[in-house]
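User: I'm new to reading protein models and would like a close look at one part. Could you walk me through a spot where charged side chains pair up?

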Amino acid sequence: MKVLVIGATGKIGKRVLKSLAKTHQVTALIRYPELQAEYEKMGAHVLTVDVEKELEKKVHEATSGQDAVIIAATAGADGSSTEIELLDRNVAMNAIDAAKKERVRHVVLLSAYGADQPNAAPKELFNFLSANNAADEYIEHSGLNYTIICPVTIVDEPSKGSIEASEDLNDADGATISETDVATIIAASLDNRGLYGRRIEIKSGSTPINEALDFEGRGEVANGGRTTLRRPQRS
């Protein structure tokens, strides 16, 4: 399968790329030309992009001919407002547009737990969650086969290899999940048709990852994401 990874220089995107490069033809769209050789050594075809000057053009170029696209570009909850707007909203939306134009088979979007209700979150998280809310809503109405992955707080800890996954996760207060497990989930979602049309919330748990992602095997019908998504403005 030909797979494009957008956001491959992030901690999660890099882990996803390393995993997929073993079995897929992977293209990495990166912001930093000085990293090109490093990513080529991982087995990826590399395209560089100046996201402030040539975003739309390069995203469409990178998406052409791909079977799947992974959108993992994010400024993170601690990012500046400018970076959040650029990566979590604009990059994601441009990638969704390109995937639709190129008739990509499956798009996996990294979002965040709480993005469906940014107005309910602490004020300092509003910009981050609102940008992800907009991207989630955009892909849900795109007509694409999509999977939205919404992790709780991501931590730099060893992989646990077991999670809890739900389209409406309960008891997420204080919950965490490792970067490695999030990357594993994204990679595992790629070939999982049972995840099409799902917005999945994830945290560390007691169920092996592949088993936790087997929604179809458990007879859980996709609800098509959150149709009540909104873009509230915090006053």
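Analyst: Here is a walk through one group of charged side chains, followed by a look at the nonpolar cores and one helix.

Keep in mind that this is a predicted model. A search of the whole structure turns up 13 salt bridges. As a bit of background, side chains of opposite charge can pair when their charged atoms come close.

Let's zoom in on Arg 199. One of its partners is Asp 116, with the closest N and O atoms 3.4 Å apart. This pair links distant parts of the chain: Arg 199 sits in strand 10 (residues 198–204), while Asp 116 is in the loop between strand 5 (106–110) and helix 5 (126–140), 83 residues apart. Are these two buried or exposed? Arg 199 has a relative accessible area of 1% and Asp 116 has 8%. Buried means under 20%, so Arg 199 counts as buried, and so does Asp 116.

Arg 199 also forms a salt bridge with Asp 136, where the closest N and O atoms are 3.6 Å apart. Because Arg 199 lies in strand 10 and Asp 136 in helix 5, this pair ties together parts that are 63 residues apart in sequence. Asp 136 is buried, just as Arg 199 is.

Then there's Glu 201, whose side chain meets that of Arg 199 in a salt bridge of 2.9 Å, N to O. Glu 201 is buried too, like Arg 199. Put the pieces together and you get one network: Asp 116, Asp 136, Arg 199 and Glu 201 are joined by salt bridges that share partners.

Now for the nonpolar side chains. The largest nonpolar core has 41 residues, and the ones touching the most other members are Ile 70, Ile 163, Ile 186 and Ile 202. Helix 6 (residues 179–189) gives this core its largest share, five residues. Leaving out residues up to four places away in sequence, the contacts of Ile 163 include Ile 177, Ile 185, Ile 202 and Leu 213. There is also a second, separate core of 29 residues, with Val 51, Ala 62, Ala 98 and Leu 144 among them.

Ala 62 brings us to helix 3 (residues 55–63), where the buried residues are Leu 55, Lys 58, Val 59, His 60, Ala 62 and Thr 63. Those buried residues pack against strand 1 (2–6), strand 2 (25–30), strand 3 (45–48), strand 4 (68–71) and helix 4 (81–101). After helix 3 comes Gly 65, with a positive phi near 85°.

Technical notes
Residues numbered from 1 in each chain as written. Predicted model: local features only at pLDDT ≥ 70, side-chain atom pairs only at ≥ 80, totals over all residues. Heavy atoms only, no water. Buried < 20%, exposed > 50% of the residue type's maximum accessible area, 1.4 Å probe, protein only. Helix = DSSP H or I, 4+ residues; strand = E, 2+ residues; numbered from the N terminus. Contact = heavy atoms within 4.5 Å. Salt bridge = Lys/Arg side-chain N within 4 Å of Asp/Glu carboxyl O. Core = buried A, V, L, I, M, F, W, Y, C linked by side-chain atoms within 4.5 Å.
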